[in-house]
Amino acid sequence: MGSSVSPVFFCLLLLWISTVPSPSEAQSSPVFACDVSGNPSLAGFGFCDKSLEVNDRVADLVGRLTLQEKIGFLVNRANGVSRLGIPTYEWWSEALHGVSYVGPGTRFSGQVPGATSFPQVILTAASFNVTLFQTIGKVVSTEARAMYNVGLAGLTYWSPNVNIFRDPRWGRGQETPGEDPLLSSKYAAAYVKGLQEIEGGNPNSLKVAACCKHYTAYDLDNWKGIERYSFNAVVNKQDLDDTYQPPFKSCVIDGNVASVMCSYNQVNGIPTCADPDLLSGVVRGQWKLNGYIVSDCDSVDVLYKNQHYTKTPEEAAAKSILAGLDLNCGSFLAQHTGDAVKAGLVDETAINRAISNNFATLMRLGFFDGDPKKQMFGALGPKDVCTAEHQELAVEAARQGIVLLKNAAGSLPLSPSAIKTLAVIGPNANVTKTMIGNYEGTPCKYTTPLQGLAATVSTTYLPGCSNVACATAQVDEAAKLAGSADATVLVMGADQSIEAESRDRLDLNLPGQQRELVTQVAKSAKGPVILVIMSGGGFDITFAKNDDKVTSILWVGYPGEAGGAAIADVIFGRYNPSGRLPMTWYPQSYVEKVPMTNMNMRPDTSNGYPGRTYRFYTGETVYAFGDGLSFSHFAHQLVKAPRLVSLPLDQTHVCRSSDCQSLDAVGPHCSNAVADPNANASGSAAFEVHMKVKNSGEAEGTHTVFLFTTPPQSSVRGSPRKHLLGFEKVRLGKEEEKVVRFRIEVCKDLSLVDEFGTRKVVLGEHVLHVGSLKHSLSVRV
């Protein structure tokens, strides 16, 4: 959303400035829609009657509006209607990893100076902890409601970002849950539930309204002059349905998200915000969205001015509304929809449909129920923001996400009693704002890496570079410092000047002189050298991986407001690391031969294209998806899994008389699969895999168990090398063991999307694997 370089951004900036209240406005009494106690004349309006169904209230409201008033509700700054007691409402607020000041709907003040800033999403995803994803969402929505009650926030949040992290150069990969569709889907549904659900309340009511973005196949911002505003993502049906769409599908179906945001780019020649198949057909038709569809800011303007998809602005407005768009971030629809109606390009019925979806969302939020302080969350206020409990969760989220990538014997954890002096070096060693990434808010407070480490042992500090670009490095001074210290921590990596919205990387090397600084410091260091990489995307750090003098490597993402405390907890052994990489770290050679514009996931041997992500890429990696070490050792033992699953077919099924390699993943055979006696009860379309996990190390630890499958390679063209069936997080004390259970749905989990976009159950030998443990499973008819 937005861009630091586009004309769109400057328009939106002016829009935002115009929405900031003047001192007199801020001090006036707020107006609440349907505040019958303050304005008894509203009692006669059906849309204010809380005893009516939402749809009836919406119909009553829409029926009272003029066409021009209706058009005013098609844009993010929705004009109020004073004659009906409806105040202006700002739809645009953000809550990617905490309540954000990005977007005019939310701001901080002396009353609420900050909110809890959790790790950037890519690091939270590295925890592979679905419970954590949802818990963070609950905290964020509580703080959002608390701020709403005192006039500092809205109720509609355009988060989370669930795009697939397809290419390591993408500047916004940091905002996403990574490269895997299953992880991204589970994150999407869990975070949305955390934001939206009201425990014990009406399931149709919303705590706040979430929004999954950017729909769809959006993962290029600005690479070698190719911008998201004009990029046409050419995507085949197979990749669309098995990679790009699953997180959005999960958002809508599993998370019951209140909104989906269409993206700037075109998909196969059609702007997503004007594509009736993607919007009305899939999101609202197939997936049954209960909510509204909003454009990115300002996608409708972009499809007209940048993409020249229509000849006139009126056509752009009409095509978007008719495709299924309900709300326009920006002012385009407010400016041009009236003329589109006059020209006969769109009728009032389509506008009624759009604003009805918007009003229904506000009804579910209680916006039309009067004073929020008299409602369910009315007791929340400034005291409920930045609580000690919330801030501790921010530390814990960072701890759980940090990934230990290398650890020479006896290196980590460091002993606080043995380390008398610790050298802390690097451009990210004492940063604050860098730790929280983008779409950020003002945090409650900061604990930098230096502060976290210095709270444990005596430290000496040198930045080494003036910033992460590191045009020049203090190599000699840093080497001397490391040579006199018992241990050295180098905090390197990136920030928003390297990877950001509207800024994709050109390479995977550490910026500037960072590599030279790391190498020379390691060469001169007296004790262990711990390299900490703070970044959203991965780097080619093969040099450090292979350098015996670099004894340990940690990736810490952008770890949020308490990142320094979490880093110190891992380095000094107060926390046993359990994070795993949610994306592949490629060598620099990979990006030298792969253009960002190639959307294909699968390799192409005819032209040497190597494919993308762990599911399809067969080349060398620096670190692989799922990599991560612990201070403990965990062993796996298979306890229960079937060797055969039979799919019973109807007597007339074609595969009874011919040799089939796959079946459609729908039909009676999907509900009547029979597993062998080693599985759960027969007559079910699902079976269980039980895995015993034992901690044979010296420390308590938390372990992520990944269950992958490698499907038969012959039946569906472009089958993945392997794909993730499930993951579970388990905490184990020293020598403790537990059984982890996975439930596998045959037609969902053991199916693949073919080249025509049809999901198929693949017949033949599937190989289930956890770590080095493998188990063959035959699926037959």
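# A guided tour of the helices, loops and unusual bonds

Start by selecting helices α3 and α14, which run oblique to each other. Keep in mind along the way that this is a predicted model. Helix α3 covers residues 54–63 and α14 covers residues 348–365. Their axes come within 9 Å and cross at roughly 125°. That angle counts as oblique because it falls neither in the 65 to 115 degree range for roughly perpendicular nor over 145 for roughly antiparallel. The crossing of this pair is right-handed.

Now show the side chains where the two helices meet. On the α3 side, pick V54, R57, V58, L61 and V62. On the α14 side, pick N352, I355, S356, F359, A360, M363 and R364. What mix of nonpolar, polar and charged residues makes up the contact of α3 with α14? There are eight nonpolar, two polar and two charged residues in it.

**Next stop: α13**

Stay with α14 on screen and add helix α13, residues 332–342. Which residues of α13 are buried? They are F332, L333, H336, T337, G338 and A340. These buried residues pack against α14, and also against α4 (67–71), α11 (299–305) and α12 (313–323). Step just past the end of α13 and click on G344, where phi is positive at about 75°.

**A buried glutamine**

You have already met α11 and α12; now select Q307 in the loop between them. Is Q307 buried or exposed? Its relative accessible area is 11%, which means that Q307 is buried. Buried here stands for under 20%. Display Q266 as well, and you will find a polar contact of 3.2 Å between the side chains of Q307 and Q266. Q266 is also one of the residues that Q307 touches beyond its neighbours within four places in sequence; the others are Y229, S230, Y264, N265, P271 and V302.

**Two more helix pairs**

Select α6 (130–148) together with α15 (residues 388–401). The axes come within 11 Å, and the crossing angle is roughly 150°. This pair is therefore roughly antiparallel, since the cut-off for that label is over 145 degrees. This time the crossing is left-handed. To see the meeting point, show L132, T135, I136, V139, T142 and E143 in α6, then H390, L393, A397 and Q400 in α15. Sorted by class, the contact holds five nonpolar, four polar and one charged residues.

For the second pair, go to α8 (residues 237–244) and α9 (residues 246–253). They pack at an angle of about 50°, with their axes 6 Å apart. That makes α8 oblique to α9. Colour L240, D241, D242, T243 and Y244 in α8, and P246, P247 and F248 in α9, to light up the contact. By class, this contact has five nonpolar, one polar and two charged residues.

**Unusual backbone spots**

Here is some background for this part: most residues other than glycine have a negative phi, and most peptide bonds are trans. Against that, zoom in on the bond between S159 and P160, which is cis, with omega about 10°. P160 sits in the loop between α6 and α7 (181–196).

Where is another cis peptide bond? Look between Y215 and T216, where omega is about 5°. T216 belongs to the loop between β3 (212–215) and β4 (222–223). Move on to A217, in the loop between β3 and β4. Its phi is near 50°, a positive value in a residue other than glycine. A217 also counts as buried, at 2% relative accessibility.

Now jump to S502, in the loop between β14 (487–493) and α18 (514–524). S502 is not a glycine, yet its phi is positive, at about 70°. S502 is buried too, with a relative accessible area of 11%.

**Last stop: P463**

Finish in the loop between β13 (459–462) and α17 (475–483), where you can select P463. With a relative accessible area of 28%, P463 is partly exposed. Now add A429: P463 and A429 are 34 residues apart in sequence, while in space their C-alpha atoms are 6.8 Å apart. What does P463 touch, leaving out residues up to four places away in sequence? Show I425, G426, P427 and Q474 to see its contacts.

Technical notes: Residues are numbered from 1 along each chain as its sequence is written. This is a predicted model: local features need pLDDT of at least 70, side-chain atom pairs count only at pLDDT 80 or more; totals for chains, interfaces and linings use all residues. Side-chain values use heavy atoms; hydrogens and water are left out. Helices (H or I, at least four residues) and strands (E, at least two) are DSSP runs, numbered from the N terminus. Buried means under 20% relative accessible area, exposed over 50%, partly exposed in between (1.4 Å probe, protein chains only). Contact means heavy atoms within 4.5 Å. Axes are lines fitted to C-alpha atoms, for helices over the stretch in contact, and angles run from 0 to 180 degrees between N-to-C directions. Angles under 35 degrees count as roughly parallel, over 145 as roughly antiparallel, 65 to 115 as roughly perpendicular and the rest as oblique. Ala, Val, Leu, Ile, Met, Phe, Trp, Tyr, Cys and Pro count as nonpolar, Asp, Glu, Lys and Arg as charged, and the others, Gly among them, as polar. A crossing is left-handed if the near helix is turned anticlockwise from the far one by less than a right angle, and right-handed if clockwise. A polar contact is a pair of N or O atoms within 3.5 Å; within protein, one must be able to donate a hydrogen and the other to accept it, and residues adjacent in sequence count only if both atoms are side-chain atoms.
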